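Work through these exercises with the structure open beside you. Try each task before you read its solution.

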Amino acid sequence: MDRFVVEGGVTLRGSVEISGAKNSALPVLAACLLTEEPMTLHRIPRVKDIRTMMDLLVHMGAQVTDTGSGPVAVTAGSQLRPEAPYEVVKTMRASSLVLGPLVGRFRRALVSLPGGCAIGARPIDLHMRGLEQLGAKIEQTHGYIEATAPNGLQGAVVHFDRITVTGTEDILMAAVLANGETVIENAAREPEVVDLADLLTKMGARIEGAGTSTIRIQGVKGLRGAEHTIIADRIEAGTFAIGAAITRGDVELAGCVPEHLGALTAKLRQAGVIVTETAPDKLRVQGGGPLRSVDIVTEEHPGFATDLQAQYMSLMTQAEGIAIVSERIFENRFMHVPELVRMSASIRIDGRQAIVAGPRKLTGAHVMASDLRASASLVLAGLVAEGETIVDRVYHMDRGYERIESKLAGLGARIRRERS
Ligand code: EPU
């Protein structure tokens, strides 16, 4: 198992190139199952979750060509076995994204139910209910979900009781090949949903309203191959923005989409950080002045992303005053708090709120990552802590951040990877 050793006290400076979005690449790879024609995908981030999704496609019989850099080519021919086994699904919850495309094209899918998760229960009941509304028969046995639709799926109104990102993506992918019209109500408005809809449209799907809460899909008989470039990872960009702010640095985020980062940049500005759009795809983030505490509440897009909550909390340990961080999306996403406290932060949890008192001088410690974004928050804290911070279990970080240590080192951070 690898770990990071971070030496604190360095100011981040320079330019960092933002990778393609993991949470966009995952549904886009699943969408390759919707056609037998070749697909060409650019800017796929080479992170563990993406490799797992590619392994799953190969396991089902698709051809995946990945030279490690440059585009990824996927062809999901007609001989596909529409089955996702536990061994693959247990390591990545997003595997449930193959349900919709498989039942849409092959009229049958057998997908293992994902197991527990560090940040909350994360059921997939809304995905299943949505597929049922499209006419699929769903059975659950031996830890698997079997979805069948012998005569194909039928367009319908799918109203989500609560907003779900991958649920919206799953139903969108199921609906593009259904008979007639599907309307998804209370749909997620995340940029990753829009990116998926853009790709599906290039493949010949008829979709209106992606990026709003109502998406209308007119089913088509078949889809063709397409070429697509994945959008920039707004969570990676946000993590580096917080890195610049917490170290009082000056960092350019190159190749990002500033409008996807609106909720974060508003909070950073209120906190005293200078954020400037220097080009349509570039943001410059300058810390240095006094940092003020600013509350956040995580919400669905365009609200403050839950995937940036942990990193933002690290920043607030350095700000003057009390910041209340409210987590509304997941029920258990404060696993980083005890670790930050071990680094001398002053944070108290009260239900779904964390109360952060700052500024506190952080001190390096041996800490443990519990999930992807929690690991990022610990590395960020390590950048400003006195002395050395050892972050264990960096496999969490490897699931979603591409070449994180070399990108950070490129900005001047003292970080190295070690085998523990
Ligand atoms: N929910 C249900 N039933 C469902 C689906 C969701 O109750 O069938 C609940 C969840 O338990 C959660 C809430 O609804 O409390 C929202 O979950 P959502 O379905 O939106 O999350 P997700 O689609 O599983 C994606 C991202 C997450 C990100 C969330 C929220 C991908 C692959 N994953 O998950 O990303 O936190 O949306 O924005 O897109 C990460 O990258 O670190 C990560 C966890």
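The exercises below use a predicted model.

**Exercise 1. Find the residues that come nearest to the ligand, and sort the shell by class.**

Solution.
Step 1. Select the shell. There are 22 residues around the ligand.
Step 2. Pick out those that come nearest. They are Leu 126, Thr 164, Thr 166, Asp 307 and Ile 329.
Step 3. Sort the shell by class. It has 10 nonpolar, 5 polar and 7 charged residues.

**Exercise 2. Trace polar contacts of the ligand, using a cut-off of 3.5 Å between N or O atoms.**

Solution.
Step 1. Start with the backbone. A polar backbone atom of Leu 126 lies 2.7 Å from an oxygen atom of the ligand. For Ile 329, a backbone N or O atom is 2.6 Å from a ligand oxygen.
Step 2. Turn to a side chain. An N or O atom in the side chain of Arg 162 is 3.2 Å from an oxygen atom of the ligand.
Step 3. Look at the cover. Taken alone, the ligand exposes 820 Å², and the protein buries 89% of that.
Step 4. Name the elements that give two or more residues to the shell. These are α1 (22–31), α5 (125–133), α6 (165–175) and α12 (372–384).

**Exercise 3. Where does the ligand lie with respect to domain 1 and domain 2?**

Solution.
Step 1. Mark the bounds. Domain 1 covers 2–19 + 232–419, and domain 2 covers 22–229.
Step 2. Check who gives residues to the shell. Both domains do, so the ligand lies between them.

**Exercise 4. Work out the order of the strands in the sheet that contains β10 and β12.**

Solution.
Step 1. Line up the strands. The order is β10-β11-β13-β12, in an open sheet of 4 strands with mixed pairing.
Step 2. Find the edges. β10 (157–159) and β12 (206–208) each pair on one side only.
Step 3. Read the twist. From one strand to the next it averages 15°.
Step 4. Zoom in on one pair. β10 and β11 (residues 181–185) are parallel, with 3 bridges. In this pair, His 159 stands opposite Glu 185 of β11.

**Exercise 5. Locate two cis peptide bonds and a positive phi.**

Solution.
Step 1. Go to the bond from His 301 to Pro 302. It is cis, with omega near 10°. Pro 302 sits in the loop between β18 (296–297) and α10 (309–316).
Step 2. Go to Gly 358 and Pro 359. A cis bond joins them, with omega about -5°. The loop between β21 (353–358) and β22 (366–368) holds Pro 359.
Step 3. Find Ser 344. Its phi is near 85°, a positive value in a residue other than glycine. Ser 344 is in the loop between α11 (336–342) and β20 (346–350).

Notes. Residues are numbered from 1 along each chain as its sequence is written. This is a predicted model: local features need pLDDT of at least 70, side-chain atom pairs count only at pLDDT 80 or more; totals for chains, interfaces and linings use all residues. Side-chain values use heavy atoms; hydrogens and water are left out. A residue is near a molecule or strand if one of its heavy atoms lies within 4 Å of it. A polar contact is a pair of N or O atoms within 3.5 Å; within protein, one must be able to donate a hydrogen and the other to accept it, and residues adjacent in sequence count only if both atoms are side-chain atoms. Accessible areas come from the Shrake-Rupley method with a 1.4 Å probe; for residues, only the protein chains shown count as cover. Ala, Val, Leu, Ile, Met, Phe, Trp, Tyr, Cys and Pro count as nonpolar, Asp, Glu, Lys and Arg as charged, and the others, Gly among them, as polar. Domain bounds come from an automatic or database domain assignment. Two strands pair if DSSP finds at least two bridges between them. Axes are lines fitted to C-alpha atoms, for helices over the stretch in contact, and angles run from 0 to 180 degrees between N-to-C directions.
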